[in-house]
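Colleague: Please take one part of this model and go through it closely, residue by residue where that helps. I would like a connected account rather than a list.

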Amino acid sequence: MKVVFVNSDRIGDGDGPLGENLMRSFLYSLARTEAKPDALLFMNTGVKLTCEGSGALADIKLLAEDGVAIKSCGTCLDYYGLTEKLAVGEVGTMNGTVETFMAADDVVSIG
């Protein structure tokens with residue numbers, strides 16, 4: 001099982017808008033590759049990508065339609081006041097995240 005762990009709404013620590021563009025580009029490309037991960041796990045500011053108003057929402061929805069499990073950290077959604085704005089996937093738990101990581105053959109961390 002291949003898992004992509006998205007722990008930020010941007011890639012890298014440099015310029016914020018550049019990092020946000022890179023993340024959107026990554027998710028756009030991932031949604032259009034033939035090989036798909038089994039799951040995308042979103043944590044910390046990464047949960048913003050799965051909520052209403054996200055520029056990456058259409059691409060994440062494409063991944064979900066292709067059978068990729070989409071899970072956003074419930075604690076993170078609560079922290080950012082986004083629980084009611086989750087627009088794709090489901091609310092995940094830390095126990096579920098740990099189980100997914102331990103069952104995975106490969107975890108790719110993006111953020």
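**The sheet and the helix that packs on it**

Modeller: In strand 4, S72 has V91 as its bridge partner. That pair belongs to the parallel pairing of strand 3 with strand 4, which is built from three bridges. Between these two strands the chain passes through helix 3, in a right-handed β-α-β crossover. The model is predicted, and everything below refers to that prediction.

The loop that leads from helix 3 into strand 4 contains G89. G89 has a relative accessible area of 47% and is partly exposed. Its C-alpha atom is separated by 9.4 Å from that of L40, although the two residues are 49 apart along the chain.

The sheet is open, has five strands paired in parallel, and follows the order 4-3-2-1-5. Strand 4 (90–92) and strand 5 (106–110) stand at its edges with a single partner strand each, so each has one side without a neighbour in the sheet. On average, neighbouring strands are turned by 30° against each other, with direction ignored.

One step inward from strand 4, S72 of strand 3 is also the bridge partner of F42. Strand 2 and strand 3 pair in parallel over four bridges. Strand 2, helix 2 and strand 3 together form a right-handed β-α-β unit.

Helix 2 deserves a longer stop. Which of its residues are buried? They are L57, D59, I60 and L63. Viewed down the axis of helix 2, these residues fall within an arc of 165°, so they line one face. The general background is that an α-helix has 3.6 residues a turn, so residues three or four places apart point the same way. Turned away from the buried side of helix 2 is a face with the exposed residues A58 and E65. The buried residues of helix 2 pack against helix 1, strand 2 and strand 3. After helix 2 comes G67, with a positive phi near 95°.

D59, in helix 2, is worth singling out. Its relative accessible area is 8%, and buried means under 20%, so D59 counts as buried. With neighbours within four places in sequence left aside, D59 is in contact with R24, L27, Y28, A31 and R32.

The loop between strand 2 and helix 2 includes N44. N44 has a positive phi of about 50° although it is not a glycine. At 40% relative accessibility, N44 is partly exposed.

On the other side of strand 2 in the sheet order is strand 1. F42 is the bridge partner of V6 there, and strand 1 and strand 2 pair in parallel over four bridges. The chain gets from strand 1 to strand 2 through helix 1, and this β-α-β crossover is right-handed. Four of the five residues of strand 1 are buried, so strand 1 is largely enclosed by the rest of the structure.

The far neighbour of strand 1 is strand 5, with which strand 1 runs parallel and shares five bridges. Within this pairing, V3 has V107 as its bridge partner in strand 5, and K2 stands opposite D106.

F42 ties several of these pieces together. Apart from neighbours within four places in sequence, F42 is in contact with V6, V47, L49, T50, I60, I70, K71, S72 and C73. V6 and S72 in that list are the bridge partners already named for F42, and I60 is one of the buried residues of helix 2.

The largest nonpolar core has 29 residues, and the members that touch the most others are L40, F42, L49, I60 and I70. Two or more residues each come to this core from strand 1 (2–6), helix 1 (16–31), strand 2 (39–42), helix 2 (57–65), strand 3 (69–73) and helix 3 (74–79).

Technical notes:
Residues numbered from 1 in each chain as written. Predicted model: local features only at pLDDT ≥ 70, side-chain atom pairs only at ≥ 80, totals over all residues. Heavy atoms only, no water. Core = buried A, V, L, I, M, F, W, Y, C linked by side-chain atoms within 4.5 Å. Buried < 20%, exposed > 50% of the residue type's maximum accessible area, 1.4 Å probe, protein only. Contact = heavy atoms within 4.5 Å. Pairing = 2+ DSSP bridges. Axes fitted to C-alpha atoms, helices over the stretch in contact; angles between N-to-C directions. Arc of directions from axis to C-beta. Right-handed = clockwise from strand over helix to strand, strands pointing away.
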